[in-house]
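Student: Before we discuss any labels, could we look at the structure together and then ask how each term is justified?

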Amino acid sequence: MNQLTVRGFGEELAAEMRRLAAQERISLNQAALKLLRRGAGLSEDAERPGTVGASLDHLVGSWSKQEAEEFDAALAEFSIIDEDAWA
């Protein structure tokens, strides 16, 4: 197992590592390795041929119950079938 000390990364990258670690409930070390693998094109997604992509994964589960209900209410009108249009 190799060990490497990395210095000089900015607060933005540190914040992303902390966010990823908290979101996935993993250590900062595991988050850093995951981001390094992703940046090098060696991410887990690349290893699974059936994976479409993960660019929207950060949105999954991010809405509150109220936001989800408001969204469903806004789309409800699209569920109404206009019978005359099918005649």
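**Charged pairs and the largest pocket**

Tutor: Let us begin with Arg 18, which counts as partly exposed at 42% relative accessibility; please keep in mind that this is a predicted model.

Student: Why is Arg 18 called partly exposed?

Tutor: Its relative accessibility is 42%, and the term covers what lies between the buried limit of under 20% and the exposed limit of over 50%, so Arg 18 is partly exposed.

Student: What makes Arg 18 and Glu 11 a salt bridge?

Tutor: The rule asks for a side-chain nitrogen of Lys or Arg within 4 Å of a carboxyl oxygen of Asp or Glu, and the side chains of Arg 18 and Glu 11 meet at 2.6 Å, N to O, so the pair satisfies the rule.

Student: Is Glu 11 buried or exposed, and how do you know that?

Tutor: Glu 11 has a relative accessible area of 57%; since the cut-off for exposed is over 50%, Glu 11 is exposed.

Student: How many salt bridges does the rule give?

Tutor: The count comes to three. One of them joins Glu 16 to Arg 19, with the closest N and O atoms 2.6 Å apart. These two residues are three apart in helix α1, and are therefore separated by about one helical turn. Both fall between the limits of 20% and 50%, because Glu 16 has a relative accessible area of 27% and Arg 19 is at 35%, so each is called partly exposed.

Student: What does the salt bridge between Lys 34 and Glu 24 tie together?

Tutor: In this salt bridge the closest N and O atoms of Lys 34 and Glu 24 are 2.6 Å apart. Lys 34 lies in helix α2 and Glu 24 in helix α1, so the pair ties together parts that are 10 residues apart in sequence. Glu 24, with a relative accessible area of 30%, is again partly exposed, because that value lies between 20% and 50%.

Student: Which residues lie nearest the centre of the largest pocket?

Tutor: Of the 13 residues that line the largest pocket, Leu 4, Val 6, Ala 32, Leu 33 and Leu 36 lie nearest its centre. The elements that give two or more residues to this lining are α1 (11–24) and α2 (28–39), and the largest share, five residues, comes from α2. The volume of this pocket is about 450 Å³.

Student: How many residues of each class are in the lining of the largest pocket?

Tutor: By class, the lining has 10 nonpolar and three polar residues, and no charged ones.

Terms used:
Residues are numbered from 1 along each chain as its sequence is written. This is a predicted model: local features need pLDDT of at least 70, side-chain atom pairs count only at pLDDT 80 or more; totals for chains, interfaces and linings use all residues. Side-chain values use heavy atoms; hydrogens and water are left out. On a 1 Å grid over the protein atoms alone, a cavity is a set of points where a 1.4 Å probe fits but cannot get out, and a pocket is an open set with protein on both sides within 12 Å along at least five of seven lines; lining residues have an atom within 4 Å of a point. Grid points are joined across faces, edges and corners, and a volume is the space filled by probe spheres set on the points. Helices (H or I, at least four residues) and strands (E, at least two) are DSSP runs, numbered from the N terminus. Ala, Val, Leu, Ile, Met, Phe, Trp, Tyr, Cys and Pro count as nonpolar, Asp, Glu, Lys and Arg as charged, and the others, Gly among them, as polar. Buried means under 20% relative accessible area, exposed over 50%, partly exposed in between (1.4 Å probe, protein chains only).
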